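Subject: Structure handover and notes

Hello,

Here is the structure for your files. My notes follow below it; please read them with the model open.

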Amino acid sequence: MNKQQYDELGRSLAALLSGERDFIANLANTSALLWQELPDINWVGFYLLKGSDLVLGPFQGKPACVRIALGKGVCGTAAQQRKSLVVPDVHEFAGHIACDTASNSEVVVPLLKNGELLGVLDVDSPRLSRFDAIDRSGLEVVVETLLSASST
Ligand code: SME
């Protein structure tokens, strides 16, 4: 997807979430919209921070690992570093957690609200190098839209 398509996706998301502030409902609809709109993905969803673990939240795709410790896997690393991570080949990421063996590349964006870490958005693809800087910044805008639309 190019920048223009991400702008369009951001508008669709804002419209979808408008009038509803429930966090879980908005996480669920955000994962459904991303699943519908992002080409070449096999999993998209959220992990929410509970204590020192990320716990599986609303998602689309195959059943996934439920609990990831902070600092572990791509999700736990992005959460601990509080920064988005684009991984072109998950098999070369030390400590990658394989929930679905079809996954070859991944992008993870932390959910940060007023400096507080709430969890992560995780998107997986069967295609190597599926995600680039446009995906990273587009998905960061998706997360900002989601968080500003929701009570957390
Ligand atoms: N691959 C992730 C685990 C979550 S699943 O991909 C849904 C990781 O390494 O953190």
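A disulfide here is a pair of cysteine sulfur atoms within 2.5 Å. This is a predicted model, in which local features need pLDDT of at least 70 and side-chain atom pairs count only at pLDDT 80 or more, while totals for chains, interfaces and linings use all residues. Residues are numbered from 1 along each chain as its sequence is written, and side-chain values use heavy atoms, with hydrogens and water left out.

Cysteines

How many disulfides does the structure hold? There is one. The bond runs between Cys-65 and Cys-99, with an S to S distance of 2.0 Å. This link of Cys-65 and Cys-99 is left-handed, with -120 degrees about the S-S bond. Cys-65 lies in the loop between strand E2 (53-61) and strand E3 (67-69), and Cys-99 in the loop between strand E4 (85-87) and strand E5 (105-113), so the disulfide ties together parts that are 34 residues apart in sequence. For the element names, helices (H or I, at least four residues) and strands (E, at least two) are DSSP runs, numbered from the N terminus.

For accessibility, buried means under 20% relative accessible area, exposed means over 50%, and partly exposed is in between (1.4 Å probe, protein chains only). Both ends of the bond can be placed on that scale: Cys-65 is partly exposed at 22%, and Cys-99 is partly exposed at 32%. Cys-75 is in no disulfide; the nearest cysteine sulfur belongs to Cys-99 and is 7.6 Å away. Is Cys-75 buried or exposed? Cys-75 counts as buried, at 4% relative accessibility.

Ligand site

The ligand has 13 residues around it, and the closest are Val-74, Cys-75, Ile-97, Glu-106 and Asp-124. A residue is near a molecule or strand if one of its heavy atoms lies within 4 Å of it. Which elements each supply at least two residues of the shell? They are strand E1 (43-50), helix H3 (73-81) and strand E6 (116-125). H3 gives the largest share of the shell, three residues.

The next item is polar contacts, meaning pairs of N or O atoms within 3.5 Å; within protein, one must be able to donate a hydrogen and the other to accept it, and residues adjacent in sequence count only if both atoms are side-chain atoms. Three entries concern the ligand:

- Asp-124: a polar side-chain atom is 2.6 Å from a ligand oxygen.
- Val-74: a polar backbone atom is 2.9 Å from a ligand oxygen.
- His-96: an N or O atom of the side chain is 3.3 Å from a ligand nitrogen.

On its own the ligand has 310 Å² of accessible area, and the protein covers 99% of that. Accessible areas come from the Shrake-Rupley method with a 1.4 Å probe, and for residues only the protein chains shown count as cover.

Where does the ligand sit? The ligand is in the largest cavity. On a 1 Å grid over the protein atoms alone, a cavity is a set of points where a 1.4 Å probe fits but cannot get out. A molecule sits in a cavity if more than half of its atoms lie within 2 Å of its grid points.

Backbone and other residues

Two residues other than glycine have a positive phi: Arg-82, near 55 degrees, and Asn-114, near 50 degrees. Arg-82 is in the loop between H3 and E4 and is partly exposed, with a relative accessible area of 42%. Asn-114 is in the loop between E5 and E6 and is exposed at 80%.

Some C-alpha distances may help when you orient the model. Gln-4, in helix H1 (residues 3-17), is exposed at 63%. From Gln-4 to Gly-138 the distance is 9.6 Å, with their positions 134 residues apart in sequence. Ser-105, in strand E5, is buried with a relative accessible area of 0%. Its C-alpha atom is 7.3 Å from that of Phe-131, 26 residues apart along the chain.

Asp-53 belongs to strand E2 and is buried at 18%; its C-alpha atom and that of Ala-28 are 20 Å apart, at a separation of 25 residues along the chain. Asp-7, also listed in helix H1, is partly exposed at 33%. The C-alpha atoms of Asp-7 and Gly-95, 88 residues apart along the chain, are 33 Å from each other.

Regards

Terms used. On a 1 Å grid over the protein atoms alone, a cavity is a set of points where a 1.4 Å probe fits but cannot get out, and a pocket is an open set with protein on both sides within 12 Å along at least five of seven lines; lining residues have an atom within 4 Å of a point.
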